[in-house]
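User: I'd like to learn how to read a few features of a protein model. Could you walk me through one?

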Amino acid sequence: MAGIGIRLRKIYKRNTIGSYLYGFLYSAVTTIAPMFVVIIAIVLIQYVNGFSQANYADRELFSDTVLYIFIFSLLTTAPFNGVLSRYLSDTIYEERYSDIMPCYYVGLLINVVFSSFFGIAFCVHEYLFGEVPLYYVLTGYCGYMAMVLVFYSMLYLTATKDYRKISMFYAIGMVVAFVLSRIEVIFLHWEITYSLLFSLAAGFFMIASMETAMIHSYYRENSGRYDAVLHYFRIYWKLIPINFLYTLGLYAHNFVFWTMPGHLVFADSFVTNLSYDMATCFAMFTNITATAIFMSRLEMNFHDRYKAFSESIIGGRRRDIENNRKRMLSCLSSELVTLARMQFIISVVVFLLCIVILPTLGFGGEIMRIYHCLAAGYYIMFMMYAEMLYLFYFNDLNGALMTASVFCGVTFLGSLWSARLEDIWYGMGLVLGSLAGFIVGYFRLRWVEKHLDEHIFCDGRLMERAKGVKPDTCVWRRTPKNETV
């Protein structure tokens with residue numbers, strides 16, 4: 001993400017209100033715009049094609065299919081992308097660009113096999129027990145695998161720093177989906193909900209195809225060192241549970257409420273809770289700007305301090321190391337406080353707008369009562385996520401694993417408890433989980449701060465570890481004639 005920082009520094013040099021507004025919009029476009037493009041396109045496609053005129057069963061089947069496509073494609077790609085991202089970053093830092101394509105192919109194989117295993121199992125159950133038509137099941141599976149490819153390819157596209165082109169891919173894919181849906185409904189006279197699902201699946205495949213083409217155009221050499229990628233999975237295996245537990249924690253509270261009274265089971269396969277799921281969506285959008293704020297400030301401020309500290313360790317004086325260390329840690333604390341303050345102001349404004357506007361659009365009652373706690377929970381959760389990224393900067397995988405584990409575990413257990421309370425307290429599970437994860441991450445950062453010198457200077461080895469016969473422990477033996485052998 002270093003390309004964002006370079007561009008933002010050029011924008012903010014003007015020191016005007018317009019430049020600051022443009023910088024925020026640019027950081028938003030490069031981080032969260034693709035998601036909004038997809039959401040807006042889905043809403044627009046539904047509105048133009050008369051989605052509300054379809055019968056309830058067809059509408060529910062389409063909505064549940066799209067929901068499951070997004071949630072479980074993200075869950076199945078999360079475990080391995082952390083290790084692959086680490087390998088990709090190291091190869092770029094060491095300028096071993098020919099090793100990128102082996103990483104891409106190994107990761108592609110792992111993600112496709114792992115994701116398809118769960119996707120096929122669910123589709124078989126949907127077809128046999130849910131009695132959903134086979135063509136509908138296959139179309140949903142294709143859309144699911146297309147999103148797996150989209151999420152996976154984004155890992156490599158961020159390294160190209162061509163963020164506007166990435167956003168353009170999403171826009172083109174959704175335009176294709178929109179045009180195709182109109183053709184299917186008007187000229188081919190397809191059923192509305194199936195035409196929308198087929199069009200979205202085609203749009204997702206279009207995005208994945210353009211992303212794949214862009215990856216191959218940037219990284220044309222292939223060293224064939226596939227074993228090096230697998231070696232990283234053995235070294236950095238902790239990244240697998242870290243990414244998976246954090247992603248699982250995002251939806252653990254939803255999964256709990258999918259089993260509680262008020263949930264809906266459709267086609268004997270799809271389980272949802274409409275009120276809780278809608279409140280979750282609005283709460284997440286209330287705080288989603290935290291991602292854009294954090295990424296922009298991370299690249300503009302902390303990245304330079306961290307780079308200066310790292311460079312002083314390689315060839316600087318002790319005084320330079322200590323000064324850069326103090327500046328870096330001071331910047332870290334300042335950025336966390338600034339993020340909390342700025343996001344709090346934005347969240348309060350958006351929260352008030354949602355309280356006023358959403359009931360006029362038909363989203364009231366239980367949805368708005370649940371929304372209150374969830375909005376607070378997502379605010380704390382994004383603060384916790386910022387701490388995890390800082391722990392990644394310091395290569396503290398143990399701290400990140402503790403934070404993700406506590407977040408996921410407390411969110412799950414807290415949701416089991418809050419489900420027994422009144423609906424206004426349903427979101428307390430996420431609040432407690434995010435708060436527990438935030439506290440663990442905060443104290444772990446303090447621990448890293450106190451032990452940073454040991455972490456940096458005392459983690460090396462004089463001899464590289466290897467398997468084999470242990471050498472003789474005797475390195476010198478004195479003989480009677482004072483001779484050495």
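**Reading a helix, its partner and the spaces around**

Analyst: Happy to. This is a predicted model, and a good place to start is F117, which lies in helix α5.

User: Is F117 buried or exposed?

Analyst: F117 has a relative accessibility of 56%, and the cut-off for exposed is over 50%, so F117 counts as exposed.

User: How far apart are the C-alpha atoms of F117 and T76?

Analyst: They are separated by 9.9 Å, while the two residues are 41 residues apart along the chain.

User: Let's turn to helix packing. At what angle do α5 and α6 pack?

Analyst: The general idea is that two packed helices are described by the angle between their axes and by the distance between those axes. Here α5 covers residues 100-128 and α6 covers residues 134-157; they pack at about 155°, and their axes are 10 Å apart. Angles over 145 degrees count as roughly antiparallel, and α5 and α6 are therefore roughly antiparallel to each other. Their crossing is right-handed. As for the residues of this contact, 17 are nonpolar, 6 are polar and 1 is charged.

User: Now the empty spaces. What is the volume of the second largest pocket?

Analyst: In general, rolling a probe the size of a water molecule over the atoms shows where empty space is left. In this model, the second largest pocket has a volume of about 390 Å³. It is lined by 19 residues, of which F72, F118, G119, F122 and Y144 are the closest to its centre. Two or more lining residues come from each of α4, α5, α6 and α10 (239-257). By class, the lining of this pocket has 14 nonpolar residues, 4 polar and 1 charged.

User: And how many cavities of 30 Å³ or more does the structure hold?

Analyst: There are 2 cavities of 30 Å³ or more. Let's look at the second largest cavity, which holds about 30 Å³ of space. Its lining consists of V66, I69, F70, L197, L200, A201 and F204.

User: Which helix gives the most to the lining of the second largest cavity?

Analyst: That is α8, with 4 residues. Both α4 (56-93) and α8 (192-218) supply at least two residues of the lining.

User: How do the residues of that lining divide into nonpolar, polar and charged?

Analyst: The lining of the second largest cavity has 7 nonpolar residues, no polar ones and no charged ones. For the second largest pocket, recall, the lining divides into 14 nonpolar, 4 polar and 1 charged.

Technical notes. Residues are numbered from 1 along each chain as its sequence is written. This is a predicted model: local features need pLDDT of at least 70, side-chain atom pairs count only at pLDDT 80 or more; totals for chains, interfaces and linings use all residues. Side-chain values use heavy atoms; hydrogens and water are left out. On a 1 Å grid over the protein atoms alone, a cavity is a set of points where a 1.4 Å probe fits but cannot get out, and a pocket is an open set with protein on both sides within 12 Å along at least five of seven lines; lining residues have an atom within 4 Å of a point. Grid points are joined across faces, edges and corners, and a volume is the space filled by probe spheres set on the points. Ala, Val, Leu, Ile, Met, Phe, Trp, Tyr, Cys and Pro count as nonpolar, Asp, Glu, Lys and Arg as charged, and the others, Gly among them, as polar. Axes are lines fitted to C-alpha atoms, for helices over the stretch in contact, and angles run from 0 to 180 degrees between N-to-C directions. Angles under 35 degrees count as roughly parallel, over 145 as roughly antiparallel, 65 to 115 as roughly perpendicular and the rest as oblique. A crossing is left-handed if the near helix is turned anticlockwise from the far one by less than a right angle, and right-handed if clockwise. Buried means under 20% relative accessible area, exposed over 50%, partly exposed in between (1.4 Å probe, protein chains only).
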